[in-house]
Amino acid sequence: MTALPADVEMIRNGSRGLYWLEPLLEVETDSGRLGFGPVTSADVPSIFTADGFDEQHQKCVGPVDELPWLANQQRFTMARCGIIEPLSLDQYRHHGGFAGLANARSMSPRQIVDCVTDSGLRGRGGAAFPTGIKWRTVLESAGDTKYVVCNADEGDSGTFADRMLMECDPFVVIEGMLIGALAVGASRGYIYCRSEYPQAIDTLNQAIALAARAGYLQDFELEVRRAAGSYICGEETAMLESLEGNRGMVRYRPPLPAVEGLFGKPTLVNNVVSLAAVPEILAQGGASYKALGCARSRGTLTLQLAGNIRRGGLIEIPFGASLRTILTDFGGGTRSGRPIKAVQAGGPLGAYIPPEQFDTALDYEAFQAIGAMLGHGGLVVFDDTADLGQMARFAMHFCAEESCGKCTPCRIGAVRAVEVIDRIHENQDARGNRILLKDLCQTMIDGSLCALGGMAPAPVLSIMEHFPEEL
């Protein structure tokens, strides 16, 4: 990179989630940070001058915090991302870090669990299970040893919230796990991190070492484990099998991991975003979090905009806004400028949502009512040139490739579904094969052992319902 003026210090502070403006250069001024983006190294000499910097530069986007894209968000979990240096304990503490842990250490385990329960926090990994209930189950389960496991195997298409937190605010993940350990009586923790995230793994390892030296890991051992590179290991029981050194395969339930999890011991399993929300809940109280959101979906939701979208990136807002608001006010429509044809929400197993359903509120139950799911908050946008028939095939092919093979509906059903879709595309008894495909999808939904086989039909069925001409 071109050399900076002698009186200018460059600090890598992580991403704010404005991916459409990155690389984003922020200049600290008396009135806040002034943004320039997207920049290249060739832009630097023209931004910095002998008198300071050029506010009239063509890449200047104005005060970053005043950009509507950021100003219209309500950052709760991601508040420090892009603001602080990721590995600075002083900056983390200066911005409220470890306040929640301090409060937790003055409370009983039951009081901590009650605070999380009162907040209305639900798992952000996809299932949206009430976090407080899971924590209470682990607390009340008998065991001489208990574990806390952070599921950071973020494998859904269009998702990157976990990665952003781990790379930009790693101490909040550690703090969330420490609070969880106090709540359930755990003595050891693991962060199971996606193998494709080497920078996140390195940042977490450095953060753990810094936190340990600072005395935060009292009576708690924490370790990062590199994931096995398998999509199915995002499912919590397959992840536990992988952590134990076994092939990642789904376990029969019951028993639940909260009762018999890692090495047969009670185990608290939450994903990165869920754990990262906990410190602020403990710092401010459960009521402050519950005041945000709507109906049974409380607090804030981290949404990731990807695919054919003009302004892609990460957004955090309270539950309740419409999908249309996200796509237009934040996303700005498609990058191609063509009409949006569909949005896939919730990863590769999520339904394709048509434009007539874009006024659906961002709410777990509202999405369930239209046959869709919010999942981890990933939104992948397609314009009117997309071939959804091929996307239906991809969903089943993906399931066939990623199946752990333990149950027949998933292992065999996905392979047969690909064959049926191919026959439909070749116009071989298209009507009869559509009926067969629907029956096969229902069998997978009813009979699969886990969500991979049970949800792989969702993209196919949504395309058959809303875009029948595509299949």
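Helices of at least four residues and strands of at least two are DSSP runs, numbered from the N terminus. With that in hand, Pro38 can be placed: it sits in the loop between strand E2 (32-36) and helix H1 (44-47). The model described here is predicted. The report moves from salt bridges to backbone angles, then to two buried loop residues and one helix.

**Salt bridges**

The count for the structure is 27 salt bridges. Three of them are described here.

Start with Arg16 and Asp65. Their side chains form a salt bridge, with 2.6 Å from N to O. Arg16 belongs to the segment before strand E1 (25-29), while Asp65 belongs to the loop between strand E5 (60-63) and helix H2 (68-71), so the bridge ties together parts 49 residues apart in sequence. The two partners differ in their surroundings. Arg16 is buried, because its relative accessible area is 5% and buried means under 20%. Asp65 is partly exposed, at 46%.

This pair does not stand alone. A network of salt bridges links Arg16, Glu26, Glu28, Arg33 and Asp65.

Next come Arg188 and Glu221. Their side chains meet in a salt bridge of 2.5 Å, N to O. Arg188 is in strand E7 (residues 188-193) and Glu221 is in strand E8 (residues 221-226), so this pair ties together parts 33 residues apart in sequence. Arg188 is partly exposed, with a relative accessible area of 22%.

The third example joins Arg251 and Glu241. Their side chains form a salt bridge at 2.6 Å, N to O. Arg251 is in the loop between helix H10 (236-243) and strand E9 (267-271), and Glu241 is in helix H10; the two are ten residues apart, and the pair links distant parts of the chain. Both Arg251 and Glu241 are buried.

**Backbone angles**

Four places along the chain are picked out by a backbone angle. Two are cis peptide bonds that lead into a proline. Two are positive phi values in residues other than glycine.

| Place | Feature | Angle |
|---|---|---|
| Glu22 to Pro23 | cis peptide bond | omega near 0° |
| Gly37 to Pro38 | cis peptide bond | omega near -15° |
| Ala295 | positive phi | near 45° |
| Asn427 | positive phi | about 60° |

Where do they lie? Pro23 is in the segment before E1. Pro38 is in the loop between E2 and H1. Ala295 is in the loop between strand E10 (293-294) and strand E11 (297-298). Asn427 is in the loop between helix H17 (413-425) and helix H18 (430-447).

Are Ala295 and Asn427 buried or exposed? A residue counts as exposed when its relative accessible area is over 50%. Ala295 reaches 61%, so Ala295 is exposed. Asn427 reaches 60%, so Asn427 is exposed.

**Asp156: buried, with no salt bridge**

Asp156 lies in the loop between strand E6 (147-152) and helix H7 (161-168). Asp156 is buried but has no salt bridge. Which side chain of opposite charge is nearest to Asp156? It is Arg194, 8.9 Å away. A salt bridge needs the nitrogen of Lys or Arg within 4 Å of the carboxyl oxygen, so Arg194 does not qualify.

What does Asp156 touch? Apart from neighbours within four places in sequence, its contacts are Tyr231, Gly346, Gly347, Pro348 and His376.

**Ser141: at the other side of E6**

Ser141 is in the loop between helix H6 (131-140) and E6. Ser141 is buried, with a relative accessible area of 11%. Its side chain reaches the backbone oxygen of Thr137 at 2.6 Å. Neighbours within four places aside, Ser141 is in contact with Lys146, Ala258, Val259 and Pro266. Thr267 is 126 residues away from Ser141 along the chain, yet their C-alpha atoms are separated by 9.4 Å.

**Helix H7**

The loop that holds Asp156 runs on to helix H7. How many of the eight residues of H7 are buried? Seven are, and the helix is mostly covered. The buried residues of H7 are Ala161, Asp162, Met164, Leu165, Met166, Glu167 and Cys168.

Notes: Residues are numbered from 1 along each chain as its sequence is written. This is a predicted model: local features need pLDDT of at least 70, side-chain atom pairs count only at pLDDT 80 or more; totals for chains, interfaces and linings use all residues. Side-chain values use heavy atoms; hydrogens and water are left out. Buried means under 20% relative accessible area, exposed over 50%, partly exposed in between (1.4 Å probe, protein chains only). Lys and Arg count as positive and Asp and Glu as negative; His and the chain ends are not counted. Contact means heavy atoms within 4.5 Å. A polar contact is a pair of N or O atoms within 3.5 Å; within protein, one must be able to donate a hydrogen and the other to accept it, and residues adjacent in sequence count only if both atoms are side-chain atoms.
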